[in-house]
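I opened my notebook to record what I looked up, one topic at a time.

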Amino acid sequence: GRPTLAVVGATGAVGTVMLGILSQRQDVWGEIRLVASARSAGTRLRVRGEEVVVRELTAEVFDGVDVAMFDVPDEVSAQWAPVAAARGAVVVDNSGAFRMDADVPLVVPEVNPAQVRNRPRGIISNPNCTTLTMMDALGALHRGWGLTELVVASYQAASGAGQPGVDRLYDELAVVGGDRTLGQRSGDVRRAVEDKLGSASSPFPAPLALNVVPWAGSLRDGGWSSEELKVRDESRKILGIPDLKVSATCVRVPVVTTHSLAVHATFQRRITVDQARQALMDAPSVVLVDDPANGDFPTPADVVGADPTFVGRLRQALDFPNTVELFVCGDNLRKGAALNTAQIAELVAAELSGR
Ligand code: 2RA
C-alpha cells in the first residue's frame with residue numbers, strides 16, 4: 001500500500017504550511033498522522049480536505065510510520081528523530097540537530113537528490129531556510145562553471161523565527177503604525193515598542209518594525225552568528241565543495257515571510273551574464289524576474305506563497321573576474337522549509353514503493 005506519513009510539529013508555522021502543501025501536491029501518501037506536543041494534542045487540523053486529530057508525540061505514535069517529517073526545535077528533533085528512526089521510520093528533519101552529521105545527508109532535490117539514499121542513521125536533513133533559498137539557483141550555476149567563492153548578505157523574514165516571530169512583527173507594526181513621529185529620533189521606536197509590548201517576549205534582539213536587525217540565531221566564536229555559520233557549512237555540504245570560500249552577514253528585516261539574499265558568486269571558469277541567465281532559465285525551479293528598466297525584480301511581497309526561487313538583478317561584477325551578482329527571493333516556509341521537506345519525503349516514498 002501507500003506509505004504512512006507522520007508530520008511532527010503539525011501546529012507550528014512550518015507545519016501549517018506543510019499541511020497546505022500536502023493537500024496541493026500529487027498525493028503519494030496513505031495515512032497522514034499529525035503529531036505535536038502534548039499542549040497541542042487533540043487539536044483538529046485539515047489536511048487533504050479531511051479533518052485529522054493531532055496526536056501527542058510519543059514513541060508509539062511512530063509505529064507503522066514509513067516516513068516522519070519533523071518541523072520542531074533542535075532539541076525536540078535531537079531527542080525524537082532517533083526514536084522515530086528506531087521504530088522504522090525514515091526521518092526527514094528540518095531542524096539544525098543533524099545537518100552537519102557526516103552520517104546524515106543534507107538534501108536539496110534539485111541539487112543532490114541521490115544523497116537521499118545515503119542515510120545510515122535513517123535520518124535525512126533539510127537545510128536551513130537561508131541556505132536553501134539560494135541553493136537551487138547556485139546549484140545550477142555551479143554545475144556549469146564551478147563555484148569557488150560565495151559572499152552573501154541575507155534579508156530574512158520574521159517567520160524564520162516561527163509563529164512567535166510573525167506575531168511579534170504584527171504586534172510591533174500595530175504599535176508603530178500610523179504614528180508619524182516615530183523613526184526620527186534615536187531610540188524612539190524601541191521605546192514605543194517596549195513600552196507597549198515589553199522586550200522579554202520578542203524572539204528578536206531589537207525592534208523589527210521600522211528597523212533592520214543584523215542578527216539571527218545565537219552567538220558563535222569570533223562574533224559570528226549561528227545563522228551565518230550555517231550558510232557556510234551547509235552550502236559546502238550540499239554543493240559538495242568542502243573548501244568553498246563563504247562569508248555571510250545575516251540580517252532580519254520587517255517582512256512576514258520570504259527570505260532574500262544578495263549574492264556575490266565567483267566561479268572557476270569565466271561566466272557571462274547571458275550564460276548565467278540561460279542556466280537559471282533552464283533550472284526548473286528557478287524563475288528569472290530581471291528587467292530593472294521596467295521595475296521588474298523579485299521582492300518578498302510578490303514572491304510569498306510561491307514555490308520557485310526567484311532571481312533578479314543579475315549583473316557581471318565590474319571589478320571581480322568570473323563573478324556575478326544576483327538577488328534571490330524564496331518563500332522561507334515553502335521552498336525554504338516545508339516544500340523541500342515534502343520533496344525529500346516524496347523521493348523516499350518513491351524509493352519505498354520500489355519505483
Ligand atoms: C531564521 N533560518 O530565519 C532561521 C531559522 N528558520 O530564523
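The entries below follow the order in which I looked things up.

**Ground rules.** I noted that this is a predicted model, in which local features need pLDDT of at least 70 and side-chain atom pairs count only at pLDDT 80 or more, while totals for chains, interfaces and linings use all residues. I also wrote down that residues are numbered from 1 along each chain as its sequence is written, and that side-chain values use heavy atoms, with hydrogens and water left out.

**The open sheet.** I looked up the sheet first and found six strands in the order 5-2-1-6-7-8, with parallel pairing; helices (H or I, at least four residues) and strands (E, at least two) are DSSP runs numbered from the N terminus, and two strands pair if DSSP finds at least two bridges between them. Its edges are strand 5 (55-56) and strand 8 (123-125), each of which pairs on one side only. Strand 7 (residues 90-93) is joined to strand 8 in the parallel sense over three bridges, and I found that Asp 93 has Ser 125 of strand 8 as its bridge partner.

**Helices across the sheet.** I then checked what lies over these strands. Helix 2 lies across strand 6 (67-70), strand 7 and strand 8, and runs at about 175 degrees to strand 6. Helix 9 lies across strand 6, strand 7 and strand 8 as well, at about 170 degrees to strand 6. For these angles, axes are lines fitted to C-alpha atoms, for helices over the stretch in contact (heavy atoms within 4.5 Å), and the angles run from 0 to 180 degrees between N-to-C directions.

**The largest pocket.** Which residues are closest to the centre of the largest pocket? Its volume is about 1,200 Å³, and of the 49 residues that line it, the closest to its centre are Val 72, Pro 73, Gly 160, Ala 161 and Gly 162. The elements giving two or more residues to the lining are helix 1 (13-24), helix 2 (74-86), helix 4, helix 6 (226-239) and helix 9 (334-352), and helix 2 gives the most, with four residues. I copied out the meaning of the term: on a 1 Å grid over the protein atoms alone, a pocket is an open set of points where a 1.4 Å probe fits, with protein on both sides within 12 Å along at least five of seven lines, and lining residues have an atom within 4 Å of a point.

**A hairpin.** Strand 3 (residues 44-47) and strand 4 (residues 50-53) run antiparallel and are joined by four bridges, with Arg 44 opposite Val 53 in strand 4. The two strands form a hairpin with two residues between them, and Arg 48 in the turn has a positive phi of about 55 degrees.

**Positive phi elsewhere.** I noted these angles because most residues other than glycine have a negative phi. Arg 313 has a positive phi of about 55 degrees although it is not a glycine, and Arg 313 is found in strand 13 (residues 309-316). Asn 322 also has a positive phi of about 55 degrees, and Asn 322 lies in the loop between strand 13 and strand 14 (323-330).

**Exposure.** Are Arg 313 and Asn 322 buried, exposed or in between? Arg 313, at 33% relative accessibility, counts as partly exposed, and Asn 322 counts as partly exposed at 22%, because buried means under 20% relative accessible area and exposed over 50%, with partly exposed in between (1.4 Å probe, protein chains only).

Key:
Points joined across faces, edges and corners; volume = space filled by probe spheres on them.
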